[in-house]
2 protein chains.
Amino acid sequence: MKNISFILLLLITSVSAQQHPRMIVTVGDINVMKSSIGKYPLFDKTFNEATVLVEAALAAPMDVPIPKDAAGYTHERHKQNYTEMQMAGLLFQITGKEKYARFVKQMLLKYAALYPTLGPHPAATSESSGKIFWQSLNESVWLVNTAQAYDCVYDAIPPAERNTIEKDLFRPMVKFFTVDQSSVFNRIHNHGTWMLAAVGMTGFALHDTNLVSMALYGTEKNKRGGFFNQLDLLFSPDGYYSEGAYYMRYALMPFYLFAQAVDNNRPDLSIFEYRNGILKKAVFAMLQLTYTAGQFIPFNDAMKEKTYLSPEVILALNIAYKKFKNDPSLLSIAREQNSVSLTGGGIDVARDVSYKKEITPFDYKSIELRDGANGDEGGVGLLRNGTSDDQMLLVMKYTGHGLSHGHFDKLSLVFYDQNREQLQDYGSARFVNVDPKYGGRYLPENKSFAMQTIAHNTVTVDEQSHYQGRISLSEKYHADRNFFSAGDKHLQVMSAKCSNAYAGVEMQRTVLMIQDSSIQKPLIVDIFKVDGNKEHTFDLPFYYMGQFIQSNIKYTAFSEQQKPLGSANGYQHLWKEAEATANGMVQFSWLSGNRFYSVSSAADSQTNVFLTRIGANDPDFNLRRDAAVILRKKSRSSVFASVIEPHGLWDGTIEISRNSSSSIANVTVAASDEQGTIVRIDWKPDHHWFVMVSNGSPSETAQHTMNVNGTVYSWIGNTAVQKH
Amino acid sequence: MKNISFILLLLITSVSAQQHPRMIVTVGDINVMKSSIGKYPLFDKTFNEATVLVEAALAAPMDVPIPKDAAGYTHERHKQNYTEMQMAGLLFQITGKEKYARFVKQMLLKYAALYPTLGPHPAATSESSGKIFWQSLNESVWLVNTAQAYDCVYDAIPPAERNTIEKDLFRPMVKFFTVDQSSVFNRIHNHGTWMLAAVGMTGFALHDTNLVSMALYGTEKNKRGGFFNQLDLLFSPDGYYSEGAYYMRYALMPFYLFAQAVDNNRPDLSIFEYRNGILKKAVFAMLQLTYTAGQFIPFNDAMKEKTYLSPEVILALNIAYKKFKNDPSLLSIAREQNSVSLTGGGIDVARDVSYKKEITPFDYKSIELRDGANGDEGGVGLLRNGTSDDQMLLVMKYTGHGLSHGHFDKLSLVFYDQNREQLQDYGSARFVNVDPKYGGRYLPENKSFAMQTIAHNTVTVDEQSHYQGRISLSEKYHADRNFFSAGDKHLQVMSAKCSNAYAGVEMQRTVLMIQDSSIQKPLIVDIFKVDGNKEHTFDLPFYYMGQFIQSNIKYTAFSEQQKPLGSANGYQHLWKEAEATANGMVQFSWLSGNRFYSVSSAADSQTNVFLTRIGANDPDFNLRRDAAVILRKKSRSSVFASVIEPHGLWDGTIEISRNSSSSIANVTVAASDEQGTIVRIDWKPDHHWFVMVSNGSPSETAQHTMNVNGTVYSWIGNTAVQKH
């Protein structure tokens, strides 16, 4: 009996191994899809959209053009082709209509005729160039999609034509990836993930275990490259992906697709449980790195238009939803997406979005995500307050560099409110796929401005970017977490340090979000301490988003003539609109949406203030004309102590304006030494707060005592606020 | 029997005349409201919001402060007070709860104590200053609301206290309006409308027919001022209001409120039928002057935040809905408003929005609205294409000046697509009610920039605004309609002329919206012909909204240093970002939302091009930093022939970009003389259109023949398009 069972099991496994589709969707998934038509509106919508798209493709002349451009017709055509093939394959499976399979077959044969004739792409600019596309990254994406299409129509293609397709297209392409581009393939980077996923998925489609092994363990199968290695090194133990939120969204697609393929074909590897469920942690970390309108926090190279509505997120969320026992916290995002993938998980989501009565909002949290494979290379801190309807979000970045798309932005701050940025991260200077804008690639200003330190809400020293603006140097280091505490909504705090961005300069930034019954929205207190070994120039910008309303400083406006703030390291891109020398606290206000915002900063006559606008030395108009206020202090050491205050109400429809002026009368640094920093905040008309921050080693229990002009201030732990 | 009936009628009339409320809402309306609670969600929402607001007022300390500021606490407090009184009055009527009447009474007594002590407002700046507010306009609004409150609580106030309130507050205020400010009262202007409505409504509340007569016929009752005079002169026969859309919205409130009061008390005047139903025409004209997101077209002084969601529009729409037999085309806007007024009409709207299954979208039309009391002072042309979901709108303004809020913008063009402006009208430089911005008043830059011709998409001659920028001169003239035709969706056209903006210069602008099956969205062809008596400099700006993508011109960018374009008449506010001399067609493109837009203009080496940005000589940062491309031609006469082309697709979420470049290869003026202008448009790769416009007197039947280098072009009527 035991033997019979074993043989039966073998038989089933063997039959199953031969069945198609067998990669992202299984025969079982297809059966569920067939029986779901007309049952779940969200699935029907996706299915109908796919049908419309593929029917249009079937009706149009098929074009597999000779590759030419990096963002023009041929680029877009080849992208469209793989999308159409992938969808046609699925439609063939769901409907059984031969025309869909025939479409895929015919197009694959055209590619099989074209591919062997191709040399390097004519618009290629880098070593990792492709043949169909200007970079091999796009070619990997092409294969990830096409391998799925092939898997779906495999049984409908006669063996002789399968042979042509495999011999002239898949095999040489896979060879190109694993031999010619093995350095990309084995690289710990999203380009490597896409490439190995493409090869591994092709392996499953072609029943080639050797390809699957290379995908899992690297071309040399020594685990120095490959999927497991990437799962080990590209994610921190918290699921943070080293390149940041925007690229995480992109990278999760091959991670999730290939994981699904592995899960379907090599369940013995328990891929979704690997490394304490790192793939689950990753998808939740990615979602925590979005804000209430779905937008990804745009640090490092990032397009601000990207939201969790993008197809990569839909796919990963669908797979995660099914795999991780239908975590209901994902459903509210799925409802916003209003689309599902044609996968097993997509069906589950469509079913539950259609039939669950109450869908709770996604659980946005105040959270720290550590960076580095071991979680000891700094991280990202996120402090939140309020429900998704009216959430404030404060982000500080103190990670490692983040590979080639990283920016020189240690301890940079981003502040969101009212569904939008209020203190922005510029993101990247790029118009993805817009051909007239440098072929849709990263623009020169990405490097000359967007990556530079002065483009961020953090301190630049001596007009030079962190790590001299050198990636090779920056990649060796990271900032460090100091402390993070979000348990008490009335006093959330995050603190980080960086001691290697500049030789001899120690930087520590502590940001507090203080909720108090006396104020409408929480107050943000930002204490940025810099200690140098000699006289330095410290510049701290606030890239506010909105209409400038007022300032308390008497500035000189350059009304008749404008010049750049500096000549290099991003400064050359800032018009100097006005300049001032402070005389006590510097305060400025802007209007954005339905609120006013004010920044009030401790300052003295040694503090200079610049009102700037991006756009100098930008002859092609590649940069947005956004404004900043920059505080400049010259000294060995300094403390930038600022209060960021949302206030009042503005409603243009009913023409109501309330509390358009700040409630802060003064901000001063009462004391700052090795033990701690004490910032005094004076409220109008007559009460004040003392915000105390420890500058020593983090400790929840350490006792601190400081004497300020005869008055003794005591507190326990890393921070405290005394209200008078 | 006859006599008994007559006596009975007299008796009823007399009783009815004594009844309160009797002004905006009647006893009948109140009874309907009482029985509607819990029946119509939209009414319940409004009723509940009013209750929350008034209950909060009852719970707070009552404050009637000594007037001090123009946009600060005391200003806002007095505004809040009249809103609270007006609502409390209605709540008293609906609920019968004495506390609401008591609240109104107590506050009125406080005002009665304060008012006699007041001199001119300390922040007053003009002759038409108020006492409670900095301008008497606000004081009129105060009384319009307070008279309603008084009407509602009249019977609940003991006669002795009524006497105090009338003697110390209403009577002196009415005297202030009708004697001290009689010039405002009798003025043909929205300030006059508010003031006469306030006095007339007070008349109804106080049973004072003399006040009502002054409101109807002017302080001298000679019909040189007063409501009828305003209905005659402020609206054109098409219902266009001379100040433009933004102020029309504001002015319609007193027009509709007072009309409702007149209708309730003097049905013999048939006020809503007056002048062929001018009040109905006005409300529909106002709504046609909005775009798909509800925003008012912002020509003349206007705040762009204003939409048809504002309370003035809700009120007018509600009254109109009931009065004009519940025109269903208003309901879709009412649904967007998601609020109703506490009036009889509000109940009707709430009922029908709640229970009508299908609500058709508001019927936006291509329409011409003539200006001037007799309809012979120019007008506004609006060409539309597409449903409300994806509507293109083109507006040309060729009206009279539009009183004190008019701009020097004859023949100016505004272009909307994707629910937003693509070629903008700047609107006004003002932050209404934002105290730090010049007390919320019009900013100095409103006059120095926003009103000037160069701030508009029309031709400025010799860097001088139309009519030398003098209102006194501009008010004497108007532009003239030439022809308007919107019957054929494939070829809509509007044309206007102006011969008096500059001595010796004739201007004619013809704009065509051409729908063709070969293009995704209609093409706009803009032909602006200027004929001078000597050499002039003609400047035509395009204030595009979005990210600059590319241009075909080789410009010099002022990357290292920026200076203003000129020194006066608005030019001093434009930074010159780049400059070029044309060499054939000038083409530039921008990205906005999900589309690209290109302007392609006929040009030659005599054409200069400036890329500009608003913001020079603006030390207080009062202006938005928006961009324009300005074409400059120097000659006696010239034709600016431009094609405005929406094209392609951009989707940042899925990172798709298609057709980011224009499809126009060339635009040339093939010929232009007294008979007509022929513009040749060359499409990529190889077809072309000839657009022909008559320059003679408008005629649908006139035959035109022009010989262009030996080729003869013939057409019948004002315009024609030949496609090859």
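**Group meeting: a walk through the two-chain model**

Let's start with a pair of helices: in chain A, α12(A) passes α14(A) in a left-handed crossing. Before I go on, please keep in mind that this is a predicted model. Helix α12 of chain A covers residues 245–265, and helix α14 of chain A covers residues 311–323. Their axes come within 8 Å and cross at roughly 40°. With that angle, α12(A) and α14(A) are therefore oblique to each other.

Which residues of α12(A) meet α14(A)? From α12(A) we have A:Arg249, A:Tyr250, A:Leu252, A:Met253, A:Tyr256 and A:Gln260. Facing them in α14(A) are A:Glu312, A:Val313, A:Leu315, A:Ala316 and A:Ile319. If you sort the residues of this contact by character, you get eight nonpolar, one polar and two charged.

Now a second helix pair in chain A. Helix α3, residues 41–59, packs against helix α16, residues 344–355, at an angle of about 135°. Here the axes are 7 Å apart. α3(A) and α16(A) are therefore oblique to each other as well. On the α3(A) side, the contact uses A:Pro41, A:Leu42, A:Phe43 and A:Thr46. On the α16(A) side, you will find A:Gly346, A:Ile347, A:Ala350, A:Val353 and A:Ser354. How do the residues of the contact of α3(A) with α16(A) divide? Six are nonpolar and three polar, with no charged residue in the contact.

Let's move along the chain to a sheet. Chain A has an open sheet of four strands, in the order β21-β22-β23-β26, and the pairing is antiparallel. Which strands are at the edges? They are β21, residues 664–672, and β26, residues 719–723, and each pairs on one side only. From one strand to the next, the twist averages 15°. If you'd like to look at one pairing on screen, take β21(A) with β22(A), residues 676–683: seven bridges join these antiparallel strands. A handy place to click is A:Ile664, which stands opposite A:Trp683 in β22(A).

Chain B has a sheet to look at too. Four strands, again β21-β22-β23-β26, form an open sheet with antiparallel pairing. The edge strands of this sheet are β21 (664–672) and β26 (719–723) of chain B. The twist in chain B averages 15° from strand to strand. Inside this sheet, β22(B), residues 676–683, pairs with β23(B), residues 687–694, in the antiparallel sense over eight bridges. For a landmark there, find B:Asp682, which stands opposite B:His688 in β23(B).

So how do the chains meet? How many residues of chain B are in contact with chain A? There are 44 of them, touching 44 residues of chain A. On the chain B side, the elements that give two or more residues are β11 (547–551), β13 (563–564) and β20 (656–658). By character, that side of chain B divides into 18 nonpolar, 14 polar and twelve charged residues.

Last, a word on confidence. The model scores ipTM 0.92 and pTM 0.93. In chain A the mean pLDDT is 95, and 98% of the residues reach 70 or more. Where is the pLDDT of chain A below 50? That happens over residues 6–17, a stretch with zero contacts in the model beyond near neighbours in sequence. Where pLDDT is low, the predicted coordinates should not be read in detail. Thanks, everyone, and I'm happy to rotate the model for anyone who wants another look.

Definitions and conventions
Residues numbered from 1 in each chain as written. Chains lettered and ligands numbered in written order. Predicted model: local features only at pLDDT ≥ 70, side-chain atom pairs only at ≥ 80, totals over all residues. Pairing = 2+ DSSP bridges. Axes fitted to C-alpha atoms, helices over the stretch in contact; angles between N-to-C directions. Parallel < 35°, antiparallel > 145°, perpendicular 65-115°, else oblique. Left-handed = near helix turned anticlockwise from the far one by under 90°. Contact = placed C-beta atoms within 7 Å. Nonpolar A, V, L, I, M, F, W, Y, C, P; charged D, E, K, R; others polar. pLDDT = per-residue confidence, 0-100.
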